[in-house]
Amino acid sequence: MIKKIGIVGTGDIAKQFVAQLDKNKYEIVSMFNHRETSLIPFAEENDVTNYTTDYANFLDNTELECVYIGTPNQTHYHYAKQALEAGKHVLCEKVMVLSGVQVKELFDLAKSKNLVLLEAVTLFYMPMYHEVKKLIAADNLGEISNASVIFGSCKEYDPTNRFFSKELGGGALFDIGTYALSAAVYLLGTDLNFVTSDVELAPTGVDEKSMTLLKTPKGVQASVMISFRGKMPKQVVLTGDKGFLKIDDFPRAEEGTIFYNDGQTKVVNLGNGRDVFTYEMDLLNDYAVGKVEGIDIREVTEHVISLMDEMRASWGIN
């Protein structure tokens with residue numbers, strides 16, 4: 001079992017990972033950050049004595065089995081690549097990388113070294129979603145017709161903030177858009193293709209809000225609406241000819257409700273959002289021994305990032 005984890009980063013998501021991970025199953029053995037001023041307090045707060053500002057030194061630790069990357073988007077590719085080259089499994093925060101070329105390279109590298117590389121898109125790991133996929137496969141919704149995914153947050157425009165910085169991998173797509181596209185592809189499949197997209201750009205050139213239409217070869221449609229300029233529900237609606245599924249606060253959702261055409265409802269309630277980081281490591285361990293049930297989330301990640309490439313190309317931004 002892969003138990004010993006090293007943490008890359010000291011930001012909010014890294015702090016959540018360390019605080020909420022089940023320490024009866026997994027152990028934080030080392031930490032890395034390029035800034036000592038944030039690294040030392042973080043390590044001391046969590047009784048981690050092995051920490052460093054030297055990434056090569058961090059990876060040289062023979063005790064280290066898995067690297068968790070919780071740093072800004074533009075750093076993920078290099079940290080993940082070096083970790084895989086050093087023979088470590090990798091769990092990387094979303095968005096894993098910024099292009100389809102990069103994601104293919106990293107997954108090919110992981111495969112060549114018999115390592116597991118996963119993207120920490122929380123919905124992939126929540127038990128409720130696993131059950132929903134089974135219900136869809138069992139025809140509970142009937143023939144699927146449409147999906148709608150919306151996610152909006154209201155961020156004050158600040159050209160120095162990473163959310164609005166091209167250089168730092170900013171924009172709504174690389175942030176909340178990862179969740180929205182991942183929900184659509186996870187539920188509808190990796191044959192969900194790009195049709196068209198409309199975008200409004202911030203003055204810095206990153207995407208501020210967009211509406212995108214996707215479609216499968218069988219005609220199942222998905223609309224994805226994301227925005228940094230107005231708060232919207234984090235909501236997924238999936239419709240079939242027997243009823244529809246609604247999931248609120250979808251990234252870490254514990255509950256979804258099916259509303260049938262005859263007026264009956266079915267509530268699916270599974271999992272605990274606070275346990276998501278443990279679920280992530282549990283699934284990484286399953287993949288490490290070849291236990292892949294249902295859709296392979298690595299294929300979802302690769303397809304989502306390829307869709308992002310197409311969306312950005314249609315917007316005229318690199």
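This is a tour of a predicted model, stop by stop, with a selection to make at each one.

**Stop 1: the two domains**

Colour residues 4-120 as domain 1 and residues 124-272 + 295-315 as domain 2, following the domain assignment of the protein. The centres of domain 1 and domain 2, taken over C-alpha atoms, are 26 Å apart. At the contact between them, 21 residues of domain 1 meet 17 residues of domain 2.

**Stop 2: the parallel sheet**

Select strands β1 to β6. These 6 strands make an open sheet with parallel pairing, and the order across it is β3-β2-β1-β4-β5-β6. The edges are β3 (51-52) and β6 (117-120); each has a single partner strand, so one side of each lacks a neighbour in the sheet.

Move to the β6 edge. Strand β5 (residues 89-93) runs parallel to β6 and is joined to it by 4 bridges. Show leucine 91 there: its bridge partner in β6 is leucine 118. Next, add helix α1 (residues 12-20), which packs on this sheet and touches β1 (4-8), β2 (27-32), β4 (66-69) and β5. The direction of α1 makes about 160° with that of β1.

**Stop 3: two backbone details after β5**

Show the backbone from lysine 94 to valine 95. The peptide bond between them is cis, with omega near -15°. Valine 95 belongs to the loop between β5 and α5 (100-112).

Continue to asparagine 114, in the loop between α5 and β6. Its phi is positive, near 55°, and the residue is not a glycine. Asparagine 114 has 69% relative accessibility and therefore counts as exposed. For background, most residues other than glycine have a negative phi, and most peptide bonds are trans.

**Stop 4: the mixed sheet**

Select strands β7 to β14. Here 8 strands form an open sheet of mixed pairing, in the order β8-β9-β10-β7-β11-β12-β13-β14. Its edge strands are β8 (193-201) and β14 (265-269), each pairing on one side only. From one strand to the next, the twist averages 15°.

At the β14 edge, strand β13 (residues 255-260) is antiparallel to β14, with 5 bridges joining the two. Threonine 257 stands opposite valine 267 of β14.

Now display the helices on this sheet. Helix α6 (residues 127-137) lies across β7 (144-154), β11 (229-240), β12 (243-248), β13 and β14, at about 140° to β14. Helix α9 (residues 297-315) lies across β8 and β9 (207-215), and runs at about 55° to β8.

**Stop 5: two loops of the mixed sheet**

Select aspartate 249, in the loop between β12 and β13. Aspartate 249 has a positive phi of about 45° without being a glycine. Its relative accessible area is 53%, so it is exposed.

Then select alanine 202, in the loop between β8 and β9. Is alanine 202 buried or exposed? With 6% relative accessibility, alanine 202 counts as buried. Apart from neighbours within four places in sequence, its contacts are Tyr157, Phe164 and Glu208. For a sense of scale, draw a distance from alanine 202 to glutamine 82, 120 residues apart along the chain: their C-alpha atoms are separated by 33 Å.

**Stop 6: helix α7**

Select residues 176-188, the 13 residues of helix α7. From first C-alpha to last, α7 reaches 19 Å, close to the 18 Å expected at 1.5 Å a residue. How many of the residues of α7 are buried? The count is 13 of the 13, so the helix is largely enclosed by the rest of the structure. Glycine 189 follows α7 and has a positive phi, near 110°.

**Stop 7: the largest nonpolar core**

Finish inside. The largest nonpolar core has 112 residues, and those touching the most other members are Ile7, Phe17, Leu91, Tyr129, Phe250 and Met281. Helix α7 gives the most to this core, with 10 residues. Both domain 1 and domain 2 contribute, with at least three residues from each. In general, nonpolar side chains tend to be buried together in soluble globular proteins.

Centre on phenylalanine 17. Not counting residues up to four places away in sequence, phenylalanine 17 touches Ile5, Ile7, Ile28, Tyr68, Leu91, Phe277, Glu280 and Met281.

How values were computed. Residues are numbered from 1 along each chain as its sequence is written. This is a predicted model: local features need pLDDT of at least 70, side-chain atom pairs count only at pLDDT 80 or more; totals for chains, interfaces and linings use all residues. Side-chain values use heavy atoms; hydrogens and water are left out. The expected span of a helix is 1.5 Å times one less than its number of residues. Buried means under 20% relative accessible area, exposed over 50%, partly exposed in between (1.4 Å probe, protein chains only). Two strands pair if DSSP finds at least two bridges between them. Axes are lines fitted to C-alpha atoms, for helices over the stretch in contact, and angles run from 0 to 180 degrees between N-to-C directions. Contact means heavy atoms within 4.5 Å. A nonpolar core is a set of buried Ala, Val, Leu, Ile, Met, Phe, Trp, Tyr and Cys residues joined through side-chain atoms within 4.5 Å. Domain bounds come from an automatic or database domain assignment.
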